[in-house]
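Please look at the structure shown below before reading on. The report that follows takes up its helices, what they bury, and how some of the rings are arranged.

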Amino acid sequence: MYGQAGKKISKNSRFMLDLIHIVIGLAIVVMAVITFLNPETHLTLFPIIFFLAAVLNFVNGYFKIVQSGRSKKKKISGVLLLFMGLCLTALAVISAISLWR
């Protein structure tokens with residue numbers, strides 16, 4: 001029998017990953033709707049939205065790398081997710097500096 005290449009994630013870890021996706025995803029959607037309804041007064045939510053998106057990418061990248069085992073494709077996709085999280089963090093910092101300066 002062929003097994004999975006990477007480590008198997010426990011049900012608790014899978015549940016926590018799903019819970020993180022749901023909570024942060026809903027927060028991002030709610031803040032984006034509020035921001036686009038009245039952008040002049042809610043511009044300060046943009047850095048928070050970018051930071052939450054970065055957190056999602058970091059979490060996904062970490063779990064992708066942990067699950068990858070010997071699969072280089074999965075490790076590369078996990079590293080790319082971490083890189084995108086880093087880019088979104090930089091975007092959050094740049095937007096925060098430009099808004100609050």
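A residue is called buried when its relative accessible area is under 20%, exposed when that value is over 50%, and partly exposed in between, using a 1.4 Å probe and protein chains only. The model is predicted, and for that reason local features need pLDDT of at least 70 and side-chain atom pairs count only at pLDDT 80 or more, while totals for chains, interfaces and linings use all residues. Residues are numbered from 1 along each chain as its sequence is written, and side-chain values use heavy atoms, with hydrogens and water left out.

**The helices**

Helices are DSSP runs of H or I with at least four residues, numbered from the N terminus. The expected span of a helix is 1.5 Å times one less than its number of residues, and the table sets this value beside the distance between the end C-alpha atoms.

| Helix | Residues in helix | Expected span | End C-alpha distance |
|---|---|---|---|
| α1 | 27 residues | 39 Å | 39 Å |
| α2 | 24 residues | 34 Å | 35 Å |
| α3 | 29 residues | 42 Å | 42 Å |

For α2, which covers residues 45–68, the two values agree. After α2 comes Gly 69, whose phi is positive, near 65°.

**What the helices bury**

In α1, the buried residues are Leu 17, Ile 24, Ile 28, Met 31 and Thr 35, and these pack against α2. An α-helix has 3.6 residues a turn, so residues three or four places apart point the same way. The buried residues of α2 include Leu 45, Ile 49, Leu 52, Leu 56, Val 59 and Phe 63, and among the elements that cover the buried residues of this helix are α1 (11–37) and α3 (72–100). In α3, Gly 78, Gly 85, Leu 88, Ala 92, Ser 95 and Ala 96 are buried, and the buried residues of α3 pack against α2.

**Two residues of α1**

Is Thr 35 buried or exposed? Thr 35 is buried, because its relative accessible area is 0%. This residue lies in helix α1, and, leaving aside neighbours within four places in sequence, Thr 35 is in contact (heavy atoms within 4.5 Å) with His 42, Leu 45, Phe 46 and Ile 49. Leu 19 is also found in helix α1, but Leu 19 is partly exposed, with a relative accessible area of 38%. Together with Phe 15, Met 16, Ile 22, Val 23 and Leu 26, Leu 19 makes a nonpolar surface patch of about 590 Å². Patches are made of residues with over 30% relative accessible area and no salt bridge, where like charges are joined within 9 Å and nonpolar side chains (Val, Leu, Ile, Met, Phe, Trp, Tyr) within 5 Å; a salt bridge is a side-chain nitrogen of Lys or Arg within 4 Å of a carboxyl oxygen of Asp or Glu.

**The aromatic rings**

Rings of Phe, Tyr and Trp (its six-membered ring) pair if their centres lie within 6.5 Å, and planes under 30 degrees apart count as stacked, over 60 as edge-to-face and the rest as tilted. The whole structure holds three aromatic pairs. Tyr 62 and Phe 63 form an edge-to-face pair, 5.6 Å centre to centre with 75° between the planes. Of these partners, Tyr 62 is exposed at 51% relative accessible area, whereas Phe 63 is buried at 16%. Elsewhere, ring pairs link Phe 36, Phe 46 and Phe 50 into a cluster.

Conventions. Accessible areas come from the Shrake-Rupley method with a 1.4 Å probe; for residues, only the protein chains shown count as cover.
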